[in-house]
Amino acid sequence: MELKDIMKQRRKILSLTQQDLAEMAQVGLATVKDIERGKGNPSLGTVKKILEVLGIEIVYRVRQTV
C-alpha cells in the first residue's frame with residue numbers, strides 16, 4: 001500500500017476532510033490533495049506532520065548495499 005492510500009484511508013476513518021487535515025497538520029490544502037493524488041514531492045517534515053495528526057508512525061530503515 002502506498003503513502004497516498006494509507007493517508008486517505010486513515011483520514012476517512014477519522015472522519016476528517018482534506019481541509020481539516022491540512023489545518024491540523026499546518027500544511028497547505030494543496031499539499032494534502034497532491035499527496036493523496038500521488039503528485040508532488042513533499043518534504044519528510046511535511047509528511048511527518050500529516051502522519052502525526054493521523055496517528056501513524058514513520059519507521060526509518062537504512063539499508064547498506066555492498
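Visitor: Why are H1 and H3 called oblique to each other?

Guide: In this predicted model, helix H1 (residues 3-13) and helix H3 (residues 29-37) pack at an angle of about 120°. Angles under 35 degrees count as roughly parallel, over 145 as roughly antiparallel and 65 to 115 as roughly perpendicular, with the rest oblique. An angle of about 120° falls in none of the named ranges, so H1 and H3 are oblique. Their axes lie 7 Å apart.

Visitor: Which residues make the contact of H1 with H3?

Guide: H1 contributes Leu 3, Lys 4, Met 7, Lys 8 and Arg 11, while H3 contributes Val 32, Ile 35, Glu 36 and Arg 37. By class, four of these residues are nonpolar and five are charged, with no polar ones.

Visitor: What makes up the largest nonpolar core?

Guide: This core has 12 residues: Met 7, Leu 16, Leu 21, Ala 22, Ala 25, Val 27, Val 32, Ile 35, Val 47, Ile 50, Leu 51 and Leu 54. Helix H2 (18-25), H3 and helix H4 (44-54) each supply at least two of them. H4 gives the most, with four residues.

Visitor: Why does Thr 46 count as buried?

Guide: The cut-off for buried is under 20% relative accessible area. Thr 46 has 19% relative accessibility, and therefore counts as buried. Thr 46 is in helix H4.

Visitor: What does Thr 46 touch, not counting residues up to four places away in sequence?

Guide: On that basis, Thr 46 touches Val 27 and Thr 31. The side chains of Thr 46 and Ser 43 are also joined by a polar contact of 3.0 Å.

Methods: Residues numbered from 1 in each chain as written. Predicted model: local features only at pLDDT ≥ 70, side-chain atom pairs only at ≥ 80, totals over all residues. Heavy atoms only, no water. Axes fitted to C-alpha atoms, helices over the stretch in contact; angles between N-to-C directions. Helix = DSSP H or I, 4+ residues; strand = E, 2+ residues; numbered from the N terminus. Contact = heavy atoms within 4.5 Å. Nonpolar A, V, L, I, M, F, W, Y, C, P; charged D, E, K, R; others polar. Core = buried A, V, L, I, M, F, W, Y, C linked by side-chain atoms within 4.5 Å. Buried < 20%, exposed > 50% of the residue type's maximum accessible area, 1.4 Å probe, protein only. Polar contact = N/O pair within 3.5 Å; in protein donor to acceptor, adjacent residues only side chain to side chain.
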